[in-house]
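Please look over the sequence and the fold below before reading on. The briefing goes from single residues and strands to helices and the barrel.

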Amino acid sequence: MRLSLCTITFRHHLLSMKEIAAFARANGFDGIELWGAHARNLEASLIHGEEWLASFGLYAPMISDYLPTEGDTAVMRARGVALCQRARRWGAAKIRTFAGTKGSLETSASEWARLAVRLRELSAIAADHGVTLLVETHPRTLADRLASTIRLVEDVSHPAFGLNFDVLHVWEGGDDPLEALAALKPVVRHFHLKNVRSREDLRVFDPANVYAAAGRREGMTRLTEGALDFGPVLAALAEDPSAEASLEWFGDDCFDTLAHDARMARALAGAKPSVERRQPAA
């Protein structure tokens with residue numbers, strides 16, 4: 001299993017990419033999953049990209065962004081192309097978005113069909129750039145339950161379309177993560193790992209709260225200390241050497257938590273870092 005950290009963790013921090021990369025290297029991470037806003041704001045940099053990241057012994061598995069699937073199609077296409085180009089710059093094989101902004105049960109048949117067509121079009125754009133488009137399993141989207149996620153994959157029906165399997169959100173939707181993974185495995189390309197104190201605290205991950213600098217962080221827990229038992233999930237990931245996962249931490253004590261969770265994830269998965277370490281760039 002290859003394990004990455006997400007730069008969205010540091011959305012409210014004043015840190016350089018070099019500091020984040022040095023921390024990732026020192027704590028056994030294989031890669032850095034770039035938040036779309038960070039990748040976009042690094043475009044003017046003359047040094048940051050795939051080769052620079054590789055000088056730390058790291059890689060970028062994915063750029064996670066939010067494509068406008070429900071707005072103007074020309075804008076959607078332009079944003080899709082730009083995101084793919086950023087992915088190529090960083091050597092990322094995957095880009096991530098969401099399947100709409102409404103739950104599967106609240107989405108009309110016409111809205112569903114329109115979103116499926118647009119996701120297929122974005123998948124074709126991704127394929128043209130040699131990357132894969134992933135939709136995240138997430139509440140209040142079309143991929144909020146196993147049944148609806150299977151239907152979405154079938155309706156989009158494109159080889160460059162896959163899933164970012166957020167384990168906690170699959171559990172939040174009422175499905176057993178291992179059973180869901182077995183059903184979706186052919187199209188799962190990445191995993192997000194995070195945990196929560198209890199089901200009553202799940203709203204702490206609502207975007208409006210997560211992105212607010214003064215948002216509530218109580219209820220977010222270390223990977224092995226929450227309501228969801230990650231042992232069986234990580235054991236399943238350990239069976240696939242090509243599996244790629246990211247620790248998605250939104251709470252306080254970022255460095256301590258990520259270092260701890262990386263150690264625990266490795267221990268539970270019985271895996272070791274899989275990317276050769278090199279000396280950091282100047």
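A residue is called exposed when its relative accessible area is over 50%, and buried when that value is under 20%, with partly exposed in between. The structure shown is a predicted model. Its central feature for this briefing is a barrel into which 8 strands close, in the order β1-β2-β3-β4-β5-β6-β7-β10, with parallel pairing. From one strand to the next, the twist averages 30°.

**Two loop residues with positive phi**

- Ser157, which lies in the loop between α6 and β6, has a positive phi of about 45° although this residue is not a glycine.
- With a relative accessible area of 54%, which is over the 50% cut-off, Ser157 is exposed.
- Arg140, placed in the loop between β5 and α6, likewise has a positive phi, near 60°, in a residue other than glycine.
- Arg140 counts as partly exposed because its relative accessibility is 37%, a value in between the cut-offs of 20% and 50%.

**Strand β5 and its neighbours**

- Strand β5 (residues 132-136) is largely enclosed by the rest of the structure, because 5 of its 5 residues are buried.
- In a regular strand the side chains alternate between the two faces of the sheet.
- In β5, Thr132, Leu134 and Glu136 point one way while Leu133 and Val135 point the other way, and all of these residues are buried.
- On one edge, β5 runs parallel to strand β4 (residues 94-97), to which it is joined by 4 bridges, and Ile95 stands opposite Leu133 of β5.
- Between these two strands the chain passes from β4 through helix α5 (residues 109-128) to β5, in a β-α-β crossover that is right-handed.
- Strand β6 (residues 161-166) is also parallel to β5 and is joined to it by 4 bridges, with Phe161 of β6 standing opposite Leu133.
- The connection from β5 to β6 leads through helix α6 (residues 146-156), and this β-α-β crossover is right-handed.

**Where β1 meets β10, and the helices outside**

- Strand β1 (residues 2-6) pairs with β10 in the parallel sense over 4 bridges, and the bridge partner of Ser4 in β10 is Ser246.
- Helix α11 packs on the sheet and touches both β1 and β10, its direction making about 160° with that of β1.
- Helix α1 (residues 17-26) lies across β1 and β2 (31-35), and runs at about 145° to β2.

**Strand β3 and Ser64**

- Ser64 is found in strand β3 (residues 62-64) and counts as buried because its relative accessibility is 3%.
- Leaving aside residues up to four places away in sequence, Ser64 touches Glu33, Leu34, Trp35, Gly36, Arg96 and His192.

**Buried faces of helices α8 and α10**

- Helix α8 has Pro177, Ala180, Leu181 and Leu184 as its buried residues.
- These buried residues lie on the same side of α8, because they cover an arc of only 100° around the axis.
- The exposed residues Glu179 and Ala182 are carried on the face of α8 that is turned away from its buried side.
- The packing partners of the buried residues of α8 are α6, β6, α7, β7 and α10.
- In helix α10 (residues 231-238), the residues Gly231, Val233, Leu234 and Leu237 are buried.
- Seen down the axis of α10, the buried residues fall within an arc of 165°, so they line one face of the helix.
- The elements against which the buried residues of α10 pack are α7 (167-172), α8 (177-184), β7 (188-193), β10 (244-247) and α11 (254-269).

**Domain annotation from the record**

- An unreviewed UniProt entry carries the annotation "domain: Xylose isomerase-like TIM barrel", which covers residues 22-260.
- In the model, the span of residues 22-260 is 41% helix and 15% strand, and its end C-alpha atoms lie 16 Å apart.

Methods:
Residues are numbered from 1 along each chain as its sequence is written. This is a predicted model: local features need pLDDT of at least 70, side-chain atom pairs count only at pLDDT 80 or more; totals for chains, interfaces and linings use all residues. Side-chain values use heavy atoms; hydrogens and water are left out. Buried means under 20% relative accessible area, exposed over 50%, partly exposed in between (1.4 Å probe, protein chains only). Two strands pair if DSSP finds at least two bridges between them. A crossover is right-handed if, with the strands pointing away from the viewer, the path from the first strand over the helix to the second runs clockwise. UniProt positions are given in the numbering used here, feature names are shortened, and annotations may be inferred rather than shown by experiment. The arc is that of the directions from the helix axis to the C-beta atoms. Contact means heavy atoms within 4.5 Å. Axes are lines fitted to C-alpha atoms, for helices over the stretch in contact, and angles run from 0 to 180 degrees between N-to-C directions.
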